[in-house]
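Visitor: I would like to learn how to read a protein structure, one feature at a time. Could you take me through one slowly?

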Amino acid sequence: MFAMSSRVATQCASLSNARASRSLENRRALAARAPTTTTTTRRRRGGRASRLVVRADGFSIGKLASVLAKKTQADFDRVFKGTSKTREKLSYMDEMLSLWRLEDVEETLDELEEVLISVDFGPTTAMDVIEVVRERVEKGEISTGPQVKQALKTAIVDILQRPNGGEPGCAPLALSEEAPTVIMVVGVNGAGKTTTLGKLSNRFALESGAKVMLVPGDTFRAAAAEQLATWAERSDGVMATYKEGMKPGAVCYQAVQEAIKMGDVDIVLADTSGRLHTNCDLMDELAGVRRSITKSLASAPHETLLVLDGTSGLNMLNQARAFSEAVDVTGLILTKLDGTARGGAVVSVVNEMNIPVKFVGVGEKMEDLQTFEPESFVDAIFPRDDNESRDEL
Ligand SMILES: Nc1nc2c(ncn2[C@@H]2O[C@H](COP(=O)(O)OP(=O)(O)O)[C@@H](O)[C@H]2O)c(=O)[nH]1
Ligand SMILES: [Mg+2]
């Protein structure tokens with residue numbers, strides 16, 4: 001997320017490349033420019049990862065990387081600020097660990113587990129994390145307070161990286177080799193779906209030159225399509241054609257057909273109505289919308305991203321379970337990490353659902369979206385060590 005670097009640039013480049021490679025002239029032009037070749041890992045449905053070679057061309061990676069590096073620091077600061085509550089509570093840990101004695105292992109580990117629970121890790125995940133640490137203490141691998149703290153952080157990073165095959169860095173998006181890639185965005189009301197759609201559109205279009213279509217699949221709220229149209233305009237995306245009164249499944253079906261017909265749309269971003277995850281009828285309807293997308297294009301949706309409000313605590317887990325059951329969620333987007341986010345709940349969702357976090361929202365503006373990088377996230381939620389020089393914001 002914060003250490004954006006070449007991986008994100010590569011992701012963006014792969015979009016750019018996917019689009020460019022459809023035209024022969026473009027392919028020739030690319031060959032003439034002798035592009036650099038980089039490799040990235042792409043995940044397939046069913047969890048298997050395949051190696052993909054993508055060429056960094058079509059836009060200036062160097063420039064993008066430096067822009068992202070600058071932005072990354074600002075974004076990190078916002079997440080740092082937004083997770084201050086979590087960090088404050090976790091600072092008890094430092095006190096406990098400063099008194100760490102091997103003779104009191106059991107008691108201290110129990111107390112550490114309580115602290116994790118107090119920052120929304122939930123009992124299962126708190127126990128899982130502490131078990132990893134306990135095992136390392138028992139094996140004699142770690143014996144001091146700072147080592148225990150580092151082991152805790154590592155155990156949490158490992159959980160967050162697990163859905164990405166244990167690889168460090170951000171989990172890549174599954175982009176279709178044949179355009180368009182269809183991304184469906186789901187979640188409860190007010191989580192930030194529509195805003196995130198706008199941010200994604202902006203990111204794809206401005207950073208990688210992709211042509212993005214936005215689909216107003218939220219047919220419940222009268223103003224929803226207008227809100228999306230504003231984002232489409234701001235982010236240089238195109239709005240899918242739709243008629244008042246159409247059902248959401250029909251809107252999405254038609255939009256994918258339209259994108260295929262247009263031939264130059266790289267990414268279709270489908271918005272959906274917010275719904276309570278406990279309402280079975282509405283969840284069935286969402287499953288129906290997903291089926292309509294698949295009917296329109298058999299390989300779609302290539303990603304189904306669940307937007308979770310980062311301030312909502314462990315309720316996230318219930319949402320993740322219900323949405324996953326209904327529409328097979330492939331990635332999470334955490335919003336409002338600039339607010340008073342409850343960091344531990346994220347770890348709990350990833351641990352119990354084995355779904356990667358792909359992006360985080362750090363504000364209401366179009367640029368306020370970043371990829372999720374487990375190590376940086378854990379650094380942000382844990383209190384800094386004395387020798388680390390970061391002023392509290
Ligand atoms: N602070 C902050 N607010 C956000 C973020 N993402 C969305 N919002 C706000 O959350 C509210 C609901 O967003 P919206 O996209 O309409 O939610 P939807 O109902 O899920 O489509 C709006 O006021 C957004 O500006 C974020 O990352 N940070
Ligand atoms: Mg909305």
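Guide: What follows is a walk through this predicted model, from the whole chain down to single residues.

Visitor: Where should a reader begin, and how many helices and strands are there in the protein chain?

Guide: A careful reader begins with the overall inventory. The protein chain has 14 helices and 10 strands, and buried residues account for 50% of its 393 residues. Looking at contacts between residues at least 6 apart in sequence, 78% join residues at least 24 apart.

Visitor: How do I read a sheet, and what is the order of the strands in the open sheet here?

Guide: One reads a sheet from one edge to the other, naming the strands in turn. In this open sheet of eight strands the order is β5-β4-β6-β3-β7-β8-β9-β10, and the pairing is mixed. The edges are held by β5 (238–239) and β10 (369–371), each of which has a single partner strand, so one side of each is left without a neighbour in the sheet. Helix α12 (residues 315–327) packs on the sheet, where it touches β3 and β7 (303–309), and its direction makes about 160° with that of β7.

Visitor: In which sense do β3 and β6 pair, and over how many bridges?

Guide: The pairing of β3 and β6 is parallel and extends over four bridges. Within it, Val182 stands opposite Val268 of β6, and Ile183 stands opposite Leu269 of β6. On β6 there is also a parallel pairing with β4, again over four bridges, in which Val212 has Ile267 as its bridge partner.

Visitor: Which way do the residues of β6 point?

Guide: Ile267 and Leu269 point one way from β6, whereas Val268 and Ala270 point the other way, and all of them are buried.

Visitor: How many residues of strand β8 are buried?

Guide: Five of the five residues of β8 (residues 331–335) are buried, so this strand is largely enclosed by the rest of the structure. Both of its faces are covered, with Gly331, Ile333 and Thr335 on one side and Leu332 and Leu334 on the other. Strand β8 runs parallel to β7, to which five bridges join it, and one of the pairs is Leu305 with Gly331.

Visitor: How should I read a helix, and which residues of α10 are buried?

Guide: An α-helix has 3.6 residues a turn, so residues three or four places apart point the same way. Helix α10 (residues 248–262) has 15 residues and spans 21 Å from its first C-alpha to its last, close to the 21 Å expected. Its buried residues are Pro248, Gly249, Val251, Cys252, Tyr253, Ala255, Val256 and Ala259, and these pack against β3 (181–186), β4 (212–215), β6 (267–270) and α11 (280–296). After the helix comes Gly263, whose phi is positive, near 80°.

Visitor: Which residues are closest to ligand 1?

Guide: To read a ligand site, one lists the residues around it and then sorts them. Ligand 1 is surrounded by 19 residues, of which the closest are Gly192, Lys193, Thr194, Thr195 and Gly361. Helix α8 (residues 193–208) gives the most to this shell, with three residues, and by class the shell has three nonpolar, 11 polar and five charged residues.

Visitor: Is Arg342 buried or exposed?

Guide: One counts the C-beta atoms around the residue, and 20 or more within 10 Å make it buried. Arg342 has 26 such neighbours inside 10 Å and therefore counts as buried, although its place is in the loop between β8 and α13 (343–353). Among the residues that Arg342 touches are Thr86, Asp120 and Gly310.

Visitor: What is the phi of Asp120?

Guide: Asp120 has a phi near 70°, a positive value in a residue other than glycine. Asp120 lies in the loop between α5 (105–118) and α6 (122–138), and is buried, with 25 other C-beta atoms within 10 Å. Asp236 also has a positive phi, near 65°, but Asp236 is partly exposed, with 13 other C-beta atoms within 10 Å.

Visitor: Where are the cis peptide bonds?

Guide: For these one reads the omega angle. A cis bond joins Ala179 and Pro180, with omega about 0°, and another joins Ala300 and Pro301, with omega about -5°. Pro180 is in the loop between α7 (145–161) and β3, while Pro301 is in the loop between α11 and β7.

Notes
Residues numbered from 1 in each chain as written. Chains lettered and ligands numbered in written order. Predicted model: local features only at pLDDT ≥ 70, side-chain atom pairs only at ≥ 80, totals over all residues. Helix = DSSP H or I, 4+ residues; strand = E, 2+ residues; numbered from the N terminus. Expected span 1.5 Å × (residues − 1). Buried ≥ 20, exposed ≤ 12 C-beta atoms within 10 Å, placed from the backbone. Contact = placed C-beta atoms within 7 Å. Pairing = 2+ DSSP bridges. Axes fitted to C-alpha atoms, helices over the stretch in contact; angles between N-to-C directions. Near = placed C-beta within 6 Å. Nonpolar A, V, L, I, M, F, W, Y, C, P; charged D, E, K, R; others polar.
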